[in-house]
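I set out to record a few local features of this structure. The entries below follow the order in which I looked them up.

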Amino acid sequence: LTDVTQITAGGRHTCAILISEDAYCWGRNDFGQLGNGTTDLSSTPVPVTGLNEATQIAAGAFHTCALLSDLNQTVSCWGYNEFGQLGDGSIIDSTTPVTVTGLSDVAQVTAGGNHTCALLSDQTARCWGWNIFGQLGDSSTTDRTTPATVTDLTSVTQLDAGGLHTCAVL
């Protein structure tokens with residue numbers, strides 16, 4: 001690959017965004033985390049199906065999400081979805097990108113082990129997916145299949161998600 005603007009590494013896969021805003025992924029693909037419509041592993045970069053406006057990419061353990069430069073600054077995710085980490089309201093894995101429900105004006109996306117979070121342009125945060133340890137920050141331990149507002153968090157300038165936790169810079 002040439003003209004790479006960003007790269008991210010997940011549990012067993014890697015993805016990159018090119019200057020053309022195309023996304024490519026490679027590595028293990030057990031749950032479709034490469035986003036090419038298959039579950040076949042690939043030792044070379046494969047294009048993410050139907051994704052050509054990607055400006056940022058984040059890889060979790062077995063899922064991947066991308067921030068799009070579309071009119072509404074939305075997020076699409078693909079791969080493993082047992083806990084709702086794709087944010088489309090389901091717990092069904094997807095081998096191609098699905099749009100995160102009810103999310104727009106996103107400034108940054110980050111993926112944890114089995115959860116995902118977004119920083120919005122109004123400096124608030126939304127998270128979805130696995131929440132066994134409260135990593136979604138919504139004052140619960142309930143898994144969320146769509147974005148939930150992070151409680152009492154404003155003036156956020158950056159987010160980062162780890163395996164079982166999330167942190168914010170204020």
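Entry 1. I worked from a predicted model. I began with the side chain of Thr-110, one polar atom of which lies 3.1 Å from the backbone nitrogen of Ala-161. I placed Thr-110 in strand S9, which covers residues 106–111. I looked up its relative accessibility and found 5%; the limit for buried is under 20%, so Thr-110 counts as buried. Leaving aside residues up to four places away in sequence, I listed the contacts of Thr-110 as Ala-58, Thr-116, Cys-117, Leu-159, Asp-160 and Ala-161.

Entry 2. I turned to the strands and noted an open, antiparallel sheet of four, ordered S5-S6-S7-S8. Strand S5 (54–59) and strand S8 (94–99) are its edges, each pairing on one side only. I noted an average turn of 20° between neighbouring strands of this sheet, direction ignored. Within the sheet, S6 (residues 63–68) and S7 (residues 75–79) pair in the antiparallel sense over five bridges, and Leu-67 stands opposite Val-75 in S7.

Entry 3. I searched the whole structure for aromatic pairs and obtained five. Phe-31 and Phe-62 form an edge-to-face pair, at 5.3 Å centre to centre and 65° between the planes. I noted that this pair links distant parts of the chain, 31 residues apart: Phe-31 is in the loop between S3 and S4, and Phe-62 is in the loop between S5 and S6. For Tyr-80 and Phe-83 the ring centres are 6.4 Å apart and the planes stand at 80°, so I recorded this pair as edge-to-face. Tyr-80 is buried at 14% relative accessible area, as is Phe-83 at 16%, whereas Phe-31 is partly exposed at 25%. I closed with the aromatic cluster formed by Phe-31, Phe-62, Tyr-80, Phe-83 and Trp-130.

Key: Residues are numbered from 1 along each chain as its sequence is written. This is a predicted model: local features need pLDDT of at least 70, side-chain atom pairs count only at pLDDT 80 or more; totals for chains, interfaces and linings use all residues. Side-chain values use heavy atoms; hydrogens and water are left out. Helices (H or I, at least four residues) and strands (E, at least two) are DSSP runs, numbered from the N terminus. Buried means under 20% relative accessible area, exposed over 50%, partly exposed in between (1.4 Å probe, protein chains only). A polar contact is a pair of N or O atoms within 3.5 Å; within protein, one must be able to donate a hydrogen and the other to accept it, and residues adjacent in sequence count only if both atoms are side-chain atoms. Contact means heavy atoms within 4.5 Å. Two strands pair if DSSP finds at least two bridges between them. Axes are lines fitted to C-alpha atoms, for helices over the stretch in contact, and angles run from 0 to 180 degrees between N-to-C directions. Rings of Phe, Tyr and Trp (its six-membered ring) pair if their centres lie within 6.5 Å; planes under 30 degrees apart count as stacked, over 60 as edge-to-face and the rest as tilted.
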